[in-house]
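Got your viewer open and a selection tool ready? Let's take a walk through the model, one stop after another.

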Amino acid sequence: MNTAPDITVPTAIAANDQAKAAAAPRIKLLSHGFSIDHPDQELGEQLMVNALGVSDREAMHGILRQLVKASVSGESPDEVNLSFMISMVKSIRPRDSVEAMLVAQMVSVHVMAMRCAHHLANADDLAQHDSAARALGRLARTFPAQIEALNRYRSHGEPAITVQNVSVGDGGKAIVGNVTQHARVIVSDKNPASAARNAPKAAGSRRRRSSAAAKPEAQA
């Protein structure tokens with residue numbers, strides 16, 4: 001019996017090959033530095049540039065050198081640790097050089113916080129315990145501040161606000177759902193009852209002023 005060939009298998013293999021080709025290459029540590037582990041050196045460098053979100057190869061090498069130094073475990077860089085850091089940078093997807101530097105700092109702070117947590121768990125005396133606890137506390141507070149800074153930079157420094165209560169007057173148009181505006185937009189009083197209470201007072205004050213102006217004219 002003749003059967004039709006399964007054309008999905010070659011397609012899946014080709015898709016996997018393309019994904020591997022587009023993935024950021026690994027970094028191989030050498031005695032005098034590091035190298036990008038890719039059969040095509042130029043393509044490997046471009047893939048790493050894209051993964052780090054920087055603009056050129058010089059910036060890419062600079063970020064990598066800093067990550068290599070931050071990956072040091074004991075007295076030498078740790079290749080496994082470095083691969084983890086690069087993977088985390090890539091997953092956050094920095095979009096320019098500013099984000100690339102900030103994300104590299106975030107990853108480094110996380111790695112140092114985990115080292116301090118390890119030292120805290122293995123402290124031999126009270127002095128080591130207090131030192132590791134203080135360092136871990138500072139790093140733990142720094143990391144969410146870096147996340148906030150990244151979010152603020154990506155939103156151009158204008159956090160969005162959500163207006164949920166909207167009153168619509170005669171002839172107006174209502175929007176059903178949440179309305180998001182920039183922070184510089186001033187939202188009026190969201191309580192319709194307060195606006196209704198203020199309206200008669202304003203009308204009464206105008207009538208009193210008109211009556212006061214009419215009295216001198218009648219006397220004349």
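Before the first click, one term: a residue is called buried when its relative accessible area is under 20%, exposed when that value is over 50%, and partly exposed in between. Keep in mind that what you have on screen is a predicted model.

**Stop 1: helix H2**

Select residues 41-52, which make up helix H2. Which residues of H2 are buried? Colour Gly44, Glu45, Leu47, Met48, Val49, Ala51 and Leu52 and you have them. H2 has 12 residues, and from first C-alpha to last the helix reaches 17 Å, close to the 16 Å expected at 1.5 Å a residue.

Now go to the N-terminal end of H2, where aspartate 40 acts as the cap. A side-chain oxygen of aspartate 40 sits 3.2 Å from the backbone nitrogen of glutamate 42. Click on glutamate 42 while you're there: this residue belongs to H2, and it counts as exposed because its relative accessibility is 57%, over the 50% cut-off. If you like, draw a distance from the C-alpha of glutamate 42 to that of arginine 57; the two are 15 residues apart along the chain and 9.8 Å apart in space.

At the other side of the helix, pick glycine 53, which follows H2. Its phi is positive, near 75°.

**Stop 2: the hairpin**

Next, select strand E1 (residues 26-30) and strand E2 (residues 33-37). How do they run, parallel or antiparallel? They are antiparallel, with five bridges joining them. Two residues lie between E1 and E2, and together the strands form a hairpin. To see one of the pairings, show leucine 30 with its bridge partner in E2, glycine 33.

**Stop 3: the salt bridges**

How many salt bridges turn up in a search of the whole structure? Four, and three of them are on this tour.

Start with glutamate 99 and show its side chain. It is buried, with a relative accessible area of 2%. One partner is arginine 95, with N and O 3.2 Å apart; arginine 95 is exposed, at 56% relative accessible area. Another partner is arginine 154, where the closest N and O atoms are 3.1 Å apart. Glutamate 99 lies in helix H5 and arginine 154 in helix H6 (residues 126-154), so this pair ties together parts that are 55 residues apart in sequence. Arginine 154 counts as partly exposed, at 27% relative accessibility.

Slide along H6 to glutamate 148 and arginine 152. Their salt bridge has its closest N and O atoms 3.5 Å apart. Both residues lie in H6, four residues apart, which is about one turn of the helix. Both are also partly exposed: glutamate 148 has a relative accessible area of 48%, and arginine 152 has 42%. Back at glutamate 99, select Arg95, Glu99 and Arg154 together, since shared partners join these three into one network of salt bridges.

**Stop 4: a surface patch**

For the last stop, turn on the surface and pick Val98, Met101 and Tyr153. What do these three form? They make a nonpolar patch on the surface, with about 270 Å² of accessible area together. Methionine 101 is part of helix H5 (residues 97-121), and at 46% relative accessibility it counts as partly exposed.

Notes: Residues are numbered from 1 along each chain as its sequence is written. This is a predicted model: local features need pLDDT of at least 70, side-chain atom pairs count only at pLDDT 80 or more; totals for chains, interfaces and linings use all residues. Side-chain values use heavy atoms; hydrogens and water are left out. Patches are made of residues with over 30% relative accessible area and no salt bridge: like charges are joined within 9 Å, nonpolar side chains (Val, Leu, Ile, Met, Phe, Trp, Tyr) within 5 Å. Accessible areas come from the Shrake-Rupley method with a 1.4 Å probe; for residues, only the protein chains shown count as cover. A salt bridge is a side-chain nitrogen of Lys or Arg within 4 Å of a carboxyl oxygen of Asp or Glu. Buried means under 20% relative accessible area, exposed over 50%, partly exposed in between (1.4 Å probe, protein chains only). The expected span of a helix is 1.5 Å times one less than its number of residues. A polar contact is a pair of N or O atoms within 3.5 Å; within protein, one must be able to donate a hydrogen and the other to accept it, and residues adjacent in sequence count only if both atoms are side-chain atoms. Two strands pair if DSSP finds at least two bridges between them.
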